[in-house]
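Trainee: Could you walk me through this one? I have it open and would like to start with how the helices get their names.

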Amino acid sequence: MAYAFERHEPVPAAIARIMNEQIVRARTNLTDESSPIEERVHDARKRFKETRALLRLIRKPLADQFAIENAWFRDVGRELAASRDAEAVIEALDELELPRAVATRIRNKLRAAQQQHPPLEPIIAKVLDQLVVAQARIALWPALDDSFDTLAAGLRLTYRLGRRAMKSAKTPDELHEWRKRVKEHWYHAQLLRDVWPAMLKPYANVMQDLSRALGDHHDLHVLRDLVTAPTAIDAIDAKQRALEAEAHVIAARVYAEPSRAWLARMRNYWKAWNE
């Protein structure tokens, strides 16, 4: 089933279903020996990010359990992060128009550094064992109300934080923090997409474009700290400026409404959908 709420499905049942499905999908990703190990890790980390976004949606009703679950999925994602993050920097390099000799020299340096990361197999084995425990914990969560209000505070907070970050993000680190809020809002848009597919599916696609622009900006920031060639630095700076401009053009439309107005619109969509 999809990473989305379904019509007439009780909210507590939907939350439990999506959580269970994401854990099962993560296990499937990590054990799929037909795929390269880096791809398996990349796909599993997506599941963990989607899971954390779902947790943030119900942060208030989840109460103290939120901190436990959020920290666990954050930490397990970090354990798997090093290899994929290194690959993302190499992909960022490949997007730059550089002299072949310069690009080859930098790529070889990045590949050599990537080989220094600890092997992934023992980490994956540990994560697979821990996922069994994480899935069992879902049954211990506090009872959730079957109401849009269960989701409302999380929806509004994520939107509001993204809107606030859009207005203040200037440095690479601030832009990276903004991207985290954007990704959470993108995942929330995916969860709601069937509420009004003609409107919310394109909206989720736009949020994905915004997340991609900010993610590419961050990968280039990491790459910039690893290179010394002036041609590479100039190319990175130019690409980052273009990505930042693109992000702000998209975000000006995404975050045009105050959070209260945006949430009221989502509430009305939800009500119409379920009636």
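Mentor: Before anything else, bear in mind that this is a predicted model. As for the names, helices are DSSP runs of at least four residues, numbered from the N terminus.

Trainee: OK, so which helix does Leu-175 lie in?

Mentor: Leu-175 lies in helix α9.

Trainee: Is Leu-175 buried or exposed?

Mentor: Leu-175 counts as buried, because its relative accessibility is 2% and the cut-off for buried is under 20%.

Trainee: And what is Leu-175 in contact with, leaving aside its neighbours within four places in sequence?

Mentor: With those neighbours set aside, Leu-175 is in contact with Ala-169, Lys-170, Leu-214, His-217 and Glu-244. By comparison, the C-alpha atoms of Leu-175 and Pro-197, which are 22 residues apart along the chain, are separated by 30 Å.

Trainee: Switching to Thr-158, where is that one?

Mentor: Thr-158 has its place in helix α8, which covers residues 149–168, and at 3% relative accessibility it counts as buried. A polar atom of the Thr-158 side chain lies 3.1 Å from the backbone oxygen of Gly-154. Beyond its neighbours within four places in sequence, Thr-158 is in contact with Arg-181, Glu-184, His-185 and His-188.

Trainee: What about α1, how many residues does it have?

Mentor: Helix α1 has 21 residues, running from 11 to 31, and reaches 30 Å from its first C-alpha to its last, close to the 30 Å expected at 1.5 Å a residue. Its buried residues include Val-11, Ala-14, Ile-15, Ile-18 and Gln-22.

Trainee: Why would buried residues come three or four places apart?

Mentor: An α-helix has 3.6 residues a turn, so residues three or four places apart point the same way.

Trainee: What covers the buried residues of α1?

Mentor: The cover includes α2, α4, α7, α8, α9 and α12. Of these, α7 reaches 26 Å over its 18 residues, and its own buried residues include Ile-124, Leu-128 and Leu-131.

Trainee: Last topic, pockets: what volume does the largest pocket have?

Mentor: The largest pocket has a volume of about 1600 Å³. It is lined by 50 residues, with Arg-45, Lys-49, Asp-85, Arg-179 and Lys-183 lying nearest its centre. Several helices give two or more residues to that lining, among them α5, α9 and α11, while the largest share, 10 residues, comes from α2.

Trainee: How do the lining residues divide between nonpolar, polar and charged?

Mentor: The lining of the largest pocket divides into 17 nonpolar, 10 polar and 23 charged residues.

Conventions: Residues numbered from 1 in each chain as written. Predicted model: local features only at pLDDT ≥ 70, side-chain atom pairs only at ≥ 80, totals over all residues. Heavy atoms only, no water. 1 Å grid on protein atoms, 1.4 Å probe; cavity = no way out; pocket = protein on both sides within 12 Å on 5 of 7 lines; lining within 4 Å. Points joined across faces, edges and corners; volume = space filled by probe spheres on them. Nonpolar A, V, L, I, M, F, W, Y, C, P; charged D, E, K, R; others polar. Buried < 20%, exposed > 50% of the residue type's maximum accessible area, 1.4 Å probe, protein only. Polar contact = N/O pair within 3.5 Å; in protein donor to acceptor, adjacent residues only side chain to side chain. Contact = heavy atoms within 4.5 Å. Expected span 1.5 Å × (residues − 1).
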